[in-house]
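Student: I would like to learn how to read the ligand site, the empty spaces and the buried parts of a model. Could we take them one after another?

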Amino acid sequence: MNDFDPFDPDTLADPAPGWRVLLDEHPVHYYADFDPPFYCLSRYQDVDAALRDIETFSSEHGQGPRVTPPQGMLSNPPQHTFFRGLVQQAFTPRVIAALSDRIIAISHELADAIEAGDPEFDLHDDYAAPLPVIVISELLGVPADHRRQFKAWSDAQVAAMGAPDPTAYAAPMAELAAYLMDHIATRRRLLGSEQSGDADVPDDLTTALLRARTESGQQLSDDDVLSVASQLLVGGNETTTSLITNLMWRVLQVPARWQRLVEEPDLIERAIEESLRYDPPVLGLYRTTTRDVRLHGTTIPEGAKVYLIYAAANRDQRTFANPDEFQLDRPRGRHLAFGLGVHFCLGAQLARLEARVAVRTLCERLSSLTLVDDGQRIAPFFLWGRSRLPVRR
Ligand code: HEM
């Protein structure tokens, strides 16, 4: 098969056989049926090298298959360094660790509602989707009653990246931007009155982003904070939901596997890493070449979009033993689910914490879970998760 097609319905339903063909036979694959056409890299060593070589494989034109202008952290140094440095000041390991108790409480509230409802329920809708939305909206200080809307907007933003007609999503994206801008402006006003001594400013990520400054005193503008907040929302919601659903799906597919996890919850951390390797929620992202690149006998021309397939690299037999086997207790390896290098996922620790808590609560509260069927795949071709996962308690 020299015609690997990421949009083919069979590939969408189960991309792994396609990864094997790319890995074994077409390490540089040209996909012509997209505007613009793009190249695919699949081998671990090639994806790893491309992620490290940010001068040749640039993020300046977006992470998706289309050419977009640099925006916030979706850029190269020095813009990327400026943004990432300020966001890291606000999004520290201490801030994330402090969320642990709250995440445990949310997971138990969701389990309470499940126990009070029908024995058959949707693990996506009733558990894995609300958890990260609640966490990120509380982190940003967005009122609780707007969360459903928040989720719809962030899903639209993600879907627009890989959709044939991204303009279809222009309206929800503009609504999200207007909503966040209003939130930022309100917070900016509060910070202004704080300086005049008569306001209590909520201690959340929006405030921290507005206060962060570089050593030379540079700060983020309101537009910058908007771009960061929407990147956190888009990068952190559906991906974390997919991690929880993908892991539970694979584990429940083999009832003995679920039983083992319930009996040995210390395996949860390894199971999360194995799920990230085997079923990464982001299958791959794009870079744009800044010069001709000669690789495995093919020249990728300057200015080409290159799809770096993290999911394929995670199945490379040169790096992982028996890569197509899901092993609950596989020793932790260097999977690429969170990318690598300067753009390595800023939310990786938060995502791992949420998944750990979510799965542990299910082991404790809903240990007799069984899978009803495989549900349905989420739509965007470069993401991997279940939009429905029917289960019985
Ligand atoms: C399982 C869940 C997650 C997965 C699989 C994931 C995956 C990724 C990947 C692959 C990248 C690298 C992008 C690139 O190479 O261009 C990335 C970057 C990023 N992620 Fe995540 N992510 C997850 C959760 C989160 C969460 C919870 C947040 C925040 C709340 C977040 C925020 C970000 C941000 C801001 C970046 C950009 C970093 C930069 O360019 O410097 N992610 N993520």
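Tutor: We will go through the ligand, then the cavities and a pocket, and then burial, keeping in mind that this is a predicted model.

Student: Let us begin with the ligand: how many residues surround the ligand, and which are the closest?

Tutor: The shell around the ligand holds 27 residues, and the closest are His80, Arg84, Arg287, His343 and Cys345. Sorted by class, this shell has 16 nonpolar, 9 polar and 2 charged residues.

Student: Which donor does the protein give to the iron atom of the ligand?

Tutor: The iron atom has a single donor from the protein, the SG atom of Cys345, at 2.3 Å. Cys345 itself sits in the loop between α15 (310–313) and α16.

Student: And how should I read the polar atoms around the ligand?

Tutor: Take the atom pairs one by one, noting whether the protein atom belongs to a side chain or to the backbone. In the side chain of His343, an N or O atom is 2.7 Å from an oxygen atom of the ligand, and a polar side-chain atom of Arg287 lies 2.8 Å from a ligand oxygen atom. With Gly235, by contrast, it is a backbone N or O atom that lies 3.3 Å from a nitrogen atom of the ligand. Two or more residues of the shell come from each of α4 (79–90), α12 (222–253), β5 (285–289) and α16 (348–365), and the largest share, 6 residues, is that of α12.

Student: How is empty space found, and how many cavities of 30 Å³ or more are there in the whole structure?

Tutor: Rolling a probe the size of a water molecule over the atoms shows where empty space is left. Here, a search of the whole structure finds 4 cavities of 30 Å³ or more. The largest cavity contains about 80 Å³ of space, and its lining includes Asp14, Trp19, Arg250, Tyr278 and Trp384; by class, that lining has 8 nonpolar, no polar and 4 charged residues.

Student: What lines the second largest cavity?

Tutor: Among the residues lining the second largest cavity are Arg270, Glu273, Glu274, Phe320 and His335, and they enclose about 60 Å³ of space. Its lining divides into 2 nonpolar, 2 polar and 6 charged residues.

Student: Which helices each supply at least two residues of the lining of the second largest pocket?

Tutor: They are α6 (100–116), α7 (123–128), α8 (130–140) and α9 (147–162). This pocket has about 350 Å³ of space, and its lining, which includes Leu110, Asp125, Val133, Ile134 and Lys151, consists of 7 nonpolar, no polar and 5 charged residues.

Student: Is α8 mostly covered or mostly open?

Tutor: α8 is mostly covered, with 9 of its 11 residues buried. Val133 and Ile134 are among these buried residues, and both also belong to the lining of the second largest pocket. Just after α8, Gly141 takes a positive phi of about 80 degrees.

Student: Why does Val293 count as buried?

Tutor: Val293 counts as buried because its relative accessibility is 8%, where the cut-off for buried is under 20%. Val293 lies in strand β6, which covers residues 293–295. Sequence distance and distance in space should be read separately: Val293 and Phe57 are 236 residues apart in sequence, while their C-alpha atoms are 9.6 Å apart in space.

Notes: Residues numbered from 1 in each chain as written. Predicted model: local features only at pLDDT ≥ 70, side-chain atom pairs only at ≥ 80, totals over all residues. Heavy atoms only, no water. Near = heavy atom within 4 Å. Polar contact = N/O pair within 3.5 Å; in protein donor to acceptor, adjacent residues only side chain to side chain. Helix = DSSP H or I, 4+ residues; strand = E, 2+ residues; numbered from the N terminus. Nonpolar A, V, L, I, M, F, W, Y, C, P; charged D, E, K, R; others polar. 1 Å grid on protein atoms, 1.4 Å probe; cavity = no way out; pocket = protein on both sides within 12 Å on 5 of 7 lines; lining within 4 Å. Points joined across faces, edges and corners; volume = space filled by probe spheres on them. Donors = N, O, S within 2.8 Å, 3.2 Å for Na, K, Ca; no water. Buried < 20%, exposed > 50% of the residue type's maximum accessible area, 1.4 Å probe, protein only.
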